[in-house]
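Colleague: Please pick one part of this model and take me through it closely. Start from a single pairing and work outwards.

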Amino acid sequence: MRRILLVNLLILSVFASVSYWTEEKEKLEAAMENRVESAAEETDDFIKWVDFDVSKFALSEAYKYDRDSYGTDAHISWIDLLAWTAAHTGGVFDNDRTVYSCMQELEEQVTAGEKLEDLSAELPYFSYYQEAYTAVLAGMVGEYEIEEMDEKGTVTMVKKYGLKAFHPIAKGFPYTDYDDFGVSRSYGYERQHLGHDLMGQTGTPIVAVESGYVEALGWNQYGGWRIGIRSFDGLRYYYYAHLRQGFPYQPDLEEGTVVLAGDVIGYMGHTGYSATEDTNNIDETHLHFGMQLIFDESQKEGNGEIWIDCYQIVGFLYRQQSEVKRDDETKAWRRVYQMKDPAAESYERTKDFSMYP
């Protein structure tokens, strides 16, 4: 009788133990599931879309104040000026008078000693526009060095603060353009045109707008010969497509190569719209120039991609075109005046040379 009782107690103990650990396992699994969901929510906390409607006028006015006030107590970055204006206008920049008035208000208040962080603390959406416009413009203005020729013909390296980005077409080469962002495309499948076309002559030197590293190089049936350059902060991806048949880009370029703003990277053509490499299947010679914003790597490809209308940016950058010359031996064009970009030097010092990012 005592043996039966002991067996029953043992069985009950086993069931109780199994029940306990089953319950604990369920709790642990639930906790882990909640943790994963929380992590997903945290990593999903990034900007999903940007409508960059900043006008050339606004870019020019904000840039001039940034450059001219640099080093003073009244300095405001052009990004903050544009974000302040957008927070007042809802991101609309079609009225130059309103834009100028908003910027002037902030400039006067900061000159009077007020702090931007205090002025913008209660301003709805300022932080959003600040982050969004930083993603678009962060690499275009800053300190840099560039060669300049003086009146005696002597070339020296000069330190500067200002616009260190360049127009995508080299100086002296004609082109035409219009705002064609979002128009329909039909090759392969129905889609929108997510870039800006600049029409010109075959062989026109194409210039890196911003310093960065080559992330993509080669043939794509939609873009033909194309180059993709990523900014050092990872936020911008510049896409240069439909490059020249036979000699599309500089022969020394490869994935991972660091390029500086103003460097010649390729040549205008009309390749693409074909699965066969080096095919001219586009009627008009032009550069397709695109800018993609990447707040999270999940946005690099797929439905989450953010491409902005860069027509106004291209117009603004016309003030700085890279002067180039042709090497008769290699038939390649190269920039005339060399540049030093602290962002590139910092990247070169810190990157792992055994593996490109």
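**One strand and its surroundings**

Modeller: Start with Y240 of β10, the bridge partner of I227. This is a predicted model, with residues numbered from 1 along each chain as its sequence is written. Local features need pLDDT of at least 70, side-chain atom pairs count only at pLDDT 80 or more, totals for chains, interfaces and linings use all residues, and side-chain values use heavy atoms, without hydrogens and water.

I227 belongs to β9 (residues 224–231), which runs antiparallel to β10 and is joined to β10 by 4 bridges. Strands pair if DSSP finds at least two bridges between them. Strands are DSSP runs of E with at least two residues, helices are runs of H or I with at least four, and both are numbered from the N terminus. The two strands form a hairpin, with 4 residues between them. In that turn, G234 has a positive phi of about 80°.

β10 also pairs with β13 (residues 286–293). That pairing is antiparallel too, over 6 bridges. Here Y237 of β10 has Q292 as its bridge partner.

Now the burial. β10 covers residues 236–241, and 6 of its 6 residues are buried, meaning under 20% relative accessible area with a 1.4 Å probe, protein chains only (exposed is over 50%, partly exposed in between). In a regular strand the side chains alternate between the two faces of the sheet. Both faces of β10 are covered. R236, Y238 and Y240 lie on one side. Y237, Y239 and A241 lie on the other.

For a helix to set beside the strand, take α3. α3 (residues 78–89) has 12 residues and spans 16 Å from first C-alpha to last, close to the 16 Å expected, which is 1.5 Å times one less than the number of residues. Of those 12 residues, 10 are buried, so α3 is largely enclosed by the rest of the structure. Its buried residues pack against several elements, including α2 (56–69), α4 (96–111) and β1 (141–149). G90 follows α3, with a positive phi near 70°.

Last, a loop residue. K164 lies between β2 (155–163) and β3 (176–177). K164 is buried at 9% relative accessible area. Its side chain makes a polar contact of 3.0 Å with that of D341 (N or O atoms within 3.5 Å; within protein, one able to donate a hydrogen and the other to accept it, residues adjacent in sequence counting only if both atoms are side-chain atoms).

Methods. Contact = heavy atoms within 4.5 Å.
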